[in-house]
Structure formats: C-alpha cells, structure tokens
Amino acid sequence: MKAQSAARPVTTSRGGRRLGALVFLAPGLTYILVLVLVPLALVLSFTFFQRGRFGGVIYEFTTENFARVMDPLYLGVVGTSLKLAALATILALALGYPTAYLIAQLPRKWKTAALIAIVLPFWTNFIIRMYAWIILLNGPGLVNSGFELFGLGPYELLYNQGAIVVGLLYSYLPLMVLPLYAAIERLDPQLREASANLGASGFTTFRRVTLPLTLPGVLTGSMFVFVPSFANFVIPEMLGGGKTLMVGNLIRNEFLKARDWPFGSTLAMALVAVLVLLLLAQAWAARRA
C-alpha cells in the first residue's frame with residue numbers, strides 16, 4: 001500500500017494551476033494596466049473636454065474635437081504620413097526580402113554573424129544615428145562628395161521628404177529582415193526541389209511556392225515597419241528639418257506648443273484606432289495566408 005501511494009502521481013487542482021499562472025502573469029499584467037491601459041483611458045477621457053484659454057483642459061463636455069479631426073488640413077497630414085510610411089515599407093520589403101533570403105542560404109556558422117550585423121545599428125543611440133545621416137546627406141557631406149567625383153551634384157539631399165524616407169528605411173529595415181528570415185528559414189527545401197523537378201522555373205517556384213509560404217513573414221515585417229514609420233516624429237524633425245509634418249509631429253505640437261491637450265488626445269486616439277485596425281487586418285490576412 002505504501003509503495004502504491006508513493007507511485008501515485010501528484011495531481012494539481014485546476015484552481016492551483018490558475019493561481020500559478022496568475023502569479024507568473026501578474027508582472028506583465030500590472031505593467032500593461034499601469035503603463036498602457038490607465039494612460040490610454042486618461043487620454044481617451046481628454047477627448048471629450050475643451051481646451052482652456054491658456055491651454056490645458058477645461059472639464060466641460062464637447063464633441064467638437066472629433067469634428068476637427070476631419071478638417072482637410074489634418075487629413076492632409078495623415079495622407080502625407082501614410083504616403084511616406086508606405087513608401088518606406090515598400091522599399092524595406094524590396095531590400096529586406098533578398099537580404100533575408102540570402103542570409104537563410106548561408107552556412108550555419110555565418111548566419112549568426114549576418115543576423116548580428118543586421119541588428120547591430122540598434123546597439124547605437126537612435127539620435128546619434130540620425131545625426132550621422134545629417135552629416136552624410138548635407139551639402140558638403142560624404143554622399144555629395146561621391147557624386148562630385150563623377151561630375152554630378154551637389155544635390156539637396158537633406159531636409160526633404162526623400163531624407164525622411166531614407167531615415168525611416170534605415171531605422172526600421174531590420175524589423176523587416178528578421179521576420180522574413182524566420183519565415184524563409186522554416187521553409188521545407190524539399191518543396192522547392194519538388195517544384196524544380198516538376199519543371200518550374202526559378203521565378204515560378206518563387207511565385208507559387210516560396211512567396212505564398214512566407215507571406216505571414218511579409219505581413220508581419222510590413223507592419224513592423226509601417227506602424228512606427230507612420231507615427232514617427234523624430235526623423236521628420238531631424239532629417240526633414242520640420243518642413244514635412246507627419247502625424248507624430250502634429251500630436252507633439254498640439255500637446256507641447258499649442259497646449260491643446262483635448263485635441264491632441266483626439267488625434268492620438270485616432271492614430272491608435274487606425275493602427276489597431278491595421279493590426280487586425282494584418283492578423284486576418286495572416287490567417288487567410
């Protein structure tokens with residue numbers, strides 16, 4: 001009887017398992033509650049109030065802030081942000097897919113070195129990297145000096161929308177490469193071999209086998225690039241010289257310059273709503289893929 005009792009497995013009640021899971025989840029849930037949900041609820045509450053005469057908030061109910069969001073002036077800023085973020089995402093995909101594909105084909109001992117090289121820029125302060133691009137793109141900078149060797153230039157490479165796209169592309173390209181690499185690395189090479197054995201060309205194999213199977217990685221990488229590009233305000237300020245207003249700059253100006261916290265909160269919540277819709281669309285497309 002004692003031997004049987006000792007051999008009997010120890011079972012944990014369902015309540016005990018839930019309590020153990022809750023203990024492990026508590027730090028993360030507390031973080032989300034205190035630093036995400038509570039500030040978000042506070043910002044949402046400001047959207048229904050009015051701006052004071054000298055800034056701040058007057059706690060009088062209004063829906064005027066939501067009507068102002070639809071003003072053509074602000075819709076134009078949203079359109080500019082969408083255009084630049086989409087362009088940066090397309091370029092990141094065009095550069096990131098071949099890069100991820102080549103890394104996936106490397107011998108195992110070189111893959112780690114290549115991935116470290118991809119994420120290496122993240123080890124340097126973001127502002128310092130933007131200052132480096134200012135030095136490269138300004139009038140007498142290294143890029144124009146290279147053009148002059150071929151009798152070209154100098155060109156106005158800084159403080160315009162092109163410089164903003166370059167900054168966005170440089171900053172977020174690794175966020176495109178890494179999910180693409182993960183998706184390509186998981187591919188079964190026998191599928192491509194079977195496609196080639198059936199007479200498909202390299203392009204047909206890519207179009208009918210590789211691309212569809214890596215589409216979740218494409219969608220994930222695109223969202224990783226598009227979302228921070230759309231809401232960025234540092235790069236337009238530094239590389240764009242403040243000449244191009246994006247959504248992030250507009251929200252920053254409403255809070256810190258105009259001191260219109262209710263309207264700034266409304267713009268911020270509109271941005272959150274757009275990004276949530278994009279993430280839901282990405283999740284739906286990934287499931288369909």
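A quick definition before we start: helices here are DSSP runs of H or I at least four residues long, numbered from the N terminus. Keep in mind that you're looking at a predicted model.

**Exercise 1.** Work out which helix gives the most residues to the lining of the largest pocket.

*Solution.*
- Start with the space itself, which comes to about 160 Å³.
- Next, list the lining: Val69, Met70, Tyr74, Leu75, Val78, Phe230, Val247, Leu250, Leu267, Ala270, Leu271 and Val274.
- Now look for elements that supply two or more of these residues: they are α4 (72-105), α13 (247-256) and α14 (261-288).
- The top giver is α14, with four residues.

**Exercise 2.** Sort the lining of the largest pocket by class: how many residues are nonpolar, polar or charged?

*Solution.* The nonpolar pile gets 12 residues, while the polar and charged piles get none.

**Exercise 3.** Find out how many residues of α13 are buried, and what they pack against.

*Solution.*
- Buried means under 20% relative accessible area.
- Eight of the 10 residues in α13 pass that test, so the helix is mostly covered.
- They are Val247, Gly248, Asn249, Leu250, Ile251, Arg252, Asn253 and Glu254.
- Their packing partners are α4, α11 (215-231), α12 (234-238) and α14.

**Exercise 4.** Decide whether Ser171 is buried or exposed, and name its contacts beyond four places in sequence.

*Solution.*
- First, place Ser171: it sits in helix α8, residues 161-185.
- Its relative accessibility is 3%, so Ser171 counts as buried.
- Leaving aside neighbours within four places in sequence, Ser171 touches Phe122, Phe126, Arg129, Met130 and Ile235.

Terms used. Residues are numbered from 1 along each chain as its sequence is written. This is a predicted model: local features need pLDDT of at least 70, side-chain atom pairs count only at pLDDT 80 or more; totals for chains, interfaces and linings use all residues. Side-chain values use heavy atoms; hydrogens and water are left out. On a 1 Å grid over the protein atoms alone, a cavity is a set of points where a 1.4 Å probe fits but cannot get out, and a pocket is an open set with protein on both sides within 12 Å along at least five of seven lines; lining residues have an atom within 4 Å of a point. Grid points are joined across faces, edges and corners, and a volume is the space filled by probe spheres set on the points. Ala, Val, Leu, Ile, Met, Phe, Trp, Tyr, Cys and Pro count as nonpolar, Asp, Glu, Lys and Arg as charged, and the others, Gly among them, as polar. Buried means under 20% relative accessible area, exposed over 50%, partly exposed in between (1.4 Å probe, protein chains only). Contact means heavy atoms within 4.5 Å.
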